Amino acid sequence: MLSLQTDYTTYVKEVDKILSLATSTTVLIPAHQKLVAEIITLRLFDLLVNFIARVPAKLACNAKFVNGTSPVLLTTSRTIQGATHLFKTFNRTSTRNNLVWTKASEIKENVVHVIDQTDNFISIVDRYGSWISEIKKVRNRIAHNNSNSRRHYKTVVTHHYGAELNHITPGTMLTSPRFTPSLLKRHIATAKIFAKDLTKA
């Protein structure tokens, strides 16, 4: 019987490595701290998205949550590949070719015909939707730095600083002593709590 335990354990170990790196950067000069914080955010986001995509695929294969309870499903698959195919085609009038796992509304739409809307997976994605959105905006500003990513990133700066400050780079915001703990460490901690709640660990 499939379980989410291995996925959860592996994910937490990787996030802990990131936390260890983030903690060790205090000996670096501020410019290097900011750079490392941005690199860490890219890695954290990559881990997060892969984890979010993996969990519903395994649930659709009747995998149990870490605490041993079963998901509420509308249909099932025998394989991960088959589950992905269900997300794209099952009960749809047209194929959903691009499965996006970086936005709560898209995540829910991916699984709407496979995982019941009362299931834990849906409620947790809803609960953490704004956080997923924030870390995505920060990540995109780091990775792309185009007009669109800068526009979305400004909303994050305004949220935390109370004003639209153009000089606040992601590295500056993530490591700023204005926030205790730093926003970087908050994101890392939230990434672990989210995974625990998502998998009922």
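Glu 134 is buried in this predicted model, with a relative accessible area of 15% (buried means under 20% relative accessible area, exposed over 50%, and partly exposed in between, using a 1.4 Å probe and protein chains only). The residue belongs to helix H6; helices here are DSSP runs of H or I with at least four residues, numbered from the N terminus. Setting aside neighbours within four places in sequence, Glu 134 touches Val 156, His 159, His 160 and His 187, where contact means heavy atoms within 4.5 Å. His 187 sits 53 residues away from Glu 134 along the chain, yet the two C-alpha atoms are separated by 9.5 Å.

A quick word on ground rules: this is a predicted model, in which local features need pLDDT of at least 70 and side-chain atom pairs count only at pLDDT 80 or more, while totals for chains, interfaces and linings use all residues. Residues are numbered from 1 along each chain as its sequence is written, and side-chain values use heavy atoms, with hydrogens and water left out.

Glu 134 also takes part in a helix pair. H6 (residues 129-143) and H7 (residues 147-161) pack at an angle of about 130°, their axes 8 Å apart. That angle makes H6 oblique to H7. Axes are lines fitted to C-alpha atoms, for helices over the stretch in contact, and angles run from 0 to 180 degrees between N-to-C directions; those under 35 degrees count as roughly parallel, over 145 as roughly antiparallel, 65 to 115 as roughly perpendicular, and the rest as oblique. On the H6 side, the contact is made by Glu 134, Lys 137, Val 138, Asn 140 and Arg 141. H7 brings Ser 149, Arg 150, His 152, Tyr 153, Thr 155, Val 156, His 159 and His 160.

His 187, the partner of Glu 134 from further along the chain, is one of the buried residues of H9, which also include Leu 183, Leu 184, Ile 188, Ala 191, Phe 194, Ala 195, Leu 198 and Thr 199. Seen down the axis of H9, the buried residues fall within an arc of 145°, so they line one face of the helix; the arc is that of the directions from the helix axis to the C-beta atoms. They pack against H1, H2, H5 (120-127), H6, H7 and H8. The 17 residues of H9 should span 24 Å at 1.5 Å a residue, and the end C-alpha atoms are indeed 24 Å apart (the expected span is 1.5 Å times one less than the number of residues). Right after H9 comes Lys 200, with a positive phi near 55°.

H1 (residues 5-24) tells a similar story. Its 20 residues reach 29 Å from first C-alpha to last, close to the 28 Å expected. Asp 7, Tyr 8, Tyr 11, Val 12, Val 15, Ile 18 and Ala 22 are its buried residues, and they line one face of H1 because they fall within an arc of 120° seen down its axis. Thr 6, Lys 13 and Lys 17, on the other side of H1, are exposed. The cover over the buried residues of H1 includes H2 (30-59) and H9 (183-199).

The loops have some backbone quirks too. Thr 180 to Pro 181 is a cis peptide bond, with omega near -5°, and Pro 181 lies in the loop between H8 (170-175) and H9. Asn 62, in the loop between H2 and H3 (80-89), has phi near 70°, a positive value in a residue other than glycine. At 37% relative accessibility, Asn 62 counts as partly exposed.

Methods:
Helix = DSSP H or I, 4+ residues; strand = E, 2+ residues; numbered from the N terminus.
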